[in-house]
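Here is a set of short exercises on strand pairing, each with a worked solution. Have a look at the model and try each task before you read on.

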Amino acid sequence: MSIASVFPQLEQLLPRVSKPIQYVGGELGAVVKDWDATTVRWALMYPDAYEVGLPNQGVQILYEVLNEQPDVLAERTYAVWPDLEALMKERGVPQFTVDAHRPVKAFDVLGISFATELGYTNMLSALDLAGIPLDAADRGDDDPIVLAGGHASFNPEPIADFIDAAVLGDGEEAVLEITGIIREWKAEGCPGGREELLLRLARTESIYVPRFYDVDYLPDGRIQRVVPNRPDVPFRVAKRTTMDLDAWPYPKKPLVPLAETVHERYAVEIFRGCTRGCRFCQAGMITRPVRERSITTVGQMVKEGLEFSGFSEVGLLSLSSADHSEIGDMCSGLAQQYADTNVSLSLPSTRVDAFNIDLAQELSRNGRRTGLTFAPEGGSERIRKVINKMVTKEDLIRTVVTAYSNGWRQVKLYFMCGLPTETDEDVLEIAHMAHEVIRAGRAAAGTKDIRCTVSIGGFVPKPHTPFQWAAMERPEVIDNRLRLLKQEINSDRSLGRAIGYRYHDGEPSLIEGLLSRGDRRVGKVIRRVWDKGGRFDGWSEHFSYTRWVEACAEVLPGFGVDLDWYTTRERDQLEVLPWDHLDSGLDKDWLWQDWQDSLGEYEQDDCRWTPCFDCGVCPAMDTEIQIGPTGKKLLPLTPVNSLRVPV
Amino acid sequence: MAKNQPVGGQAPVVQRIRLRYAKRGPLRFTSHRDFARAFERALRRAAVPIAFSQGFTPHPKISYASAAPTGVGSEAEYLEIGLQAEVDPQQLRVALDAALSPGLDVLDAVVAREGSLADRIDASRWLIELPEVEPAVAAEAVRAFLAAEEVLVERMTKQGRRSFDARNAVAFFAVTEQSGAPSGAGAARCAIIDLVVRQVTPAVRPDDVLSGLHVVAGLEPPVPPRVTRLAQGSLTPQGEIVDPLDADREDAPIGGR
């Protein structure tokens with residue numbers, strides 16, 4: 001049975017909505033396959049607007065990996081803005097893919113990548129528009145398997161009611177294994193229907209199917225236990241780790257949008273994982289161990305990615321790019337290769353040391369200078385020990401002064417507010433640091449014409465980190481600290497003028513905190529918020545704190561808990577956490593010890609350069625650190641002297 | 001031009017090429033800015049030896065003739081590029097067409113001889129499809145429009161709501177014989193309009209003329225009209241539009257316009 005495109009109906013609505021180009025597809029790299037010539041069909045969703053979702057690496061990689069299989073079809077779908085959502089509901093146009101405009105409900109799997117928990121309400125909008133029952137329990141054999149992935153899926157409990165399954169960790173191999181299970185089940189004539197398929201997925205021991213687990217609660221509201229409700233599924237579900245990144249050089253054919261998006265560049269991951277051990281950083285904890293992509297594979301990917309896409313910017317991505325064992329040769333090699341072109345290279349640089357400036361110098365040799373960003377994260381030496389961000393004030397000043405004396409005029413410093421044990425004084429130290437940066441920078445640069453931007457993010461405790469037990473600070477305390485910080489920055493007029501100040505209010509962080517450490521009961525809050533119109537919670541113009549607080553007040557007392565219970569309450573060592581049955585490889589005892597070390601202001605080294613400290617990941621997941629150096633170099637590119645006809 | 005070129009500056013322009021391209025089907029929703037970004041990427045994909053402007057932020061040498069509005073299809077968009085090495089225009093056309101998404105199609109390429117593209121464009125021909133509108137009803141509205149001395153219409157601009165005359169710029173306006181089944185699926189009846197509008201200031205766009213039909217005859221299409229620019233160029237006294245690339249072709253007499 002072929003599936004018709006909904007484009008003729010959609011086309012009638014497009015002249016009436018903003019930026020219609022985001023809904024028409026037609027990107028370079030997009031793949032449209034014959035529906036009937038394929039057996040397993042995936043709709044991949046990034047649950048935010050197209051302009052944010054299209055550049056997402058995870059979706060692009062899985063899209064390409066899946067479409068390389070001859071009998072597999074993968075298309076993409078994104079959150080539609082409220083203007084189009086209203087028209088689609090009015091005219092009965094379903095949630096569609098942008099590739100061939102097929103209705104999402106017709107696919108075998110709807111895979112949703114949650115980089116952040118703030119996409120949960122958008123998932124509900126998409127399911128609703130697709131005509132897929134919001135509650136997984138109400139779905140039938142004709143509905144797709146709704147599968148969550150991305151970092152937020154390391155605690156999918158708040159959306160357990162709405163998803164059929166979740167995958168933790170790297171997706172490249174997982175999507176192929178899931179495809180294989182579906183292919184086989186279909187070939188057998190779909191025995192046992194949806195339930196049997198979910199069971200086959202759960203039996204892999206690395207796909208979490210929430211319906212096969214029951215949660216019991218204690219009278220005080222804490223979780224008593226989470227146990228399988230059938231004998232043939234595992235007690236704990238393990239994360240996936242893709243080893244040997246050189247064997248998975250994706251994206252090879254990046255999607256190049258017609259619409260303007262947040263990142264217009266060819267992005268290549270130079271390594272995955274991070275063992276710097278910043279205690280607030282969920283990404284660094286759940287993506288261990290470090291696996292480097294070799295300098296030669298990176299060079300090849302950049303060359304082919306640029307030729308394919310026509311992008312003029314390359315981003316060398318990772319959680320701490322300057323830590324790649326061959327980053328120096330990689331940057332100078334690429335800078336050399338693209339010296340006479342208008343290609344610009346960027347390295348999201350967060351490490352605070354002078355080496356970063358050398359790299360930035362190298363990369364900006366042929367073009368414009370992008371800004372330099374450093375992330376000390378904490379204002380005082382003390383708080384930096386608490387979060388394990390090992391950088392001294394002297395290091396920072398020296399680094400920034402080097403930048404100013406090498407011609408940079410603008411430096412951005414990134415901090416967090418609301419960290420565990422934080423006091424007003426810790427935050428006010430940010431102002432003193434910024435003052436000193438400007439004072440020393442002016443002396444070094446010999447001009448008053450330098451600037452520094454202080455950007456403050458709200459701390460949100462995340463599952464599978466040492467701070468998973470920590471209490472969040474109340475939004476009014478955060479907001480007051482941010483106000484005091486602003487006053488302190490401007491207490492010296494001359495210095496204050498050179499300092500830009502950006503921050504986020506405490507309220508959205510509190511809700512993010514509710515969603516990231518929530519359990520299944522929080523699902524009812526999400527549902528209530530969505531029923532009342534909650535959409536695009538990552539966008540300040542759409543986010544409503546009041547709506548979330550009201551929904552919590554309506555729903556949570558019935559369970560004997562409240563918003564504070566989830567957010568500003570510190571957990572003790574023995575409490576069963578909602579994600580304890582989901583295995584990131586990190587040993588819970590090690591995490592607890594690291595939490596205690598944090599409170600004692602003890603620092604933890606990086607296992608790439610010091611002996612293993614037993615975080616648990618490598619033995620639990622049967623993985624190991626994969627780092628160079630390979631000793632190889634990037635060779636000069638042959639100049640192109642004739643027109644190229646892309647295929 | 002290259003007199004004060006700094007050391008290590010950009011290579012000079014040695015050839016200028018003019019292109020005609022189309023925006024078709026779903027890709028008619030590409031805005032001009034979207035197209036410009038896609039075109040610059042296509043130049044890099046096809047390894048076109050584009051020339052760049054001087055200065056700290058060099059820009060590729062591309063100049064566009066007036067672009068069709070977002071959502072309006074076109075068979076006749078024009079641009080000119082400056083190159084730092086000579087290429088064969090036909091090979092360039094093929095390479096660029098392959099480098100752009102299907103639906104953004106490069107149709108023609110000629111080496112620029114003299115004058116400017118803008119000087120050769122003073123009018124556009126538009127095809128307007130009005131699904132679910134009776135051709136006779138549309139014809140009546142068009143007659144009323146043509147009979148008026150002035151048809152004031154309003155449009156939101158960046159400066160706010162503006163009112164201007166849509167009548168005077170219209171050189172030709174008729175419901176065609178082909179009216180009947182629309183190109184899209186669905187509706188049974190469809191009025192098809194042939195419209196020629198002169199370039200004036202403030203610009204009169206096909207949607208302004210359609211607003212004019214509402215003003216003079218209350219015509220309100222039940223579904224959004226589908227508009228395509230068929231031609232751009234200079235309007236002859238006979239009402240034909242001359243392709244602005246014609247004067248650059250090998251067989252065209254130099255200065256013979």
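**Exercise 1.** Find out in which sense β12 and β13 of chain A pair, and place them in their sheet.

*Solution.* Step one: strand β12(A), residues 313–317, and β13(A) are parallel partners, joined over three bridges. Two strands count as paired if DSSP finds at least two bridges between them; strands are DSSP runs of E with at least two residues, helices runs of H or I with at least four, numbered from the N terminus. Step two: within this pair, A:G315 lies opposite A:S346 of β13(A). Step three: the open sheet has three strands in the order β9-β12-β13 (chain A), with parallel pairing. Its edge strands are β9 (266–269) and β13 (344–346) of chain A, each pairing on one side only.

This is a predicted model, in which local features need pLDDT of at least 70 and side-chain atom pairs count only at pLDDT 80 or more, while totals for chains, interfaces and linings use all residues. Residues are numbered from 1 along each chain as its sequence is written, and chains are lettered from A and ligands numbered from 1 in the order in which they are written.

**Exercise 2.** Which strands of chain A stand at the edges of the five-strand sheet?

*Solution.* Start with the order, β2-β1-β3-β4-β5 (chain A), an open sheet with parallel pairing. β2 (72–78) and β5 (165–166) of chain A have a single partner strand each, so one side of each lacks a neighbour in the sheet. Next, β1(A), residues 40–46, pairs with β2(A) in the parallel sense over seven bridges, and A:A43 faces A:E75 in β2(A).
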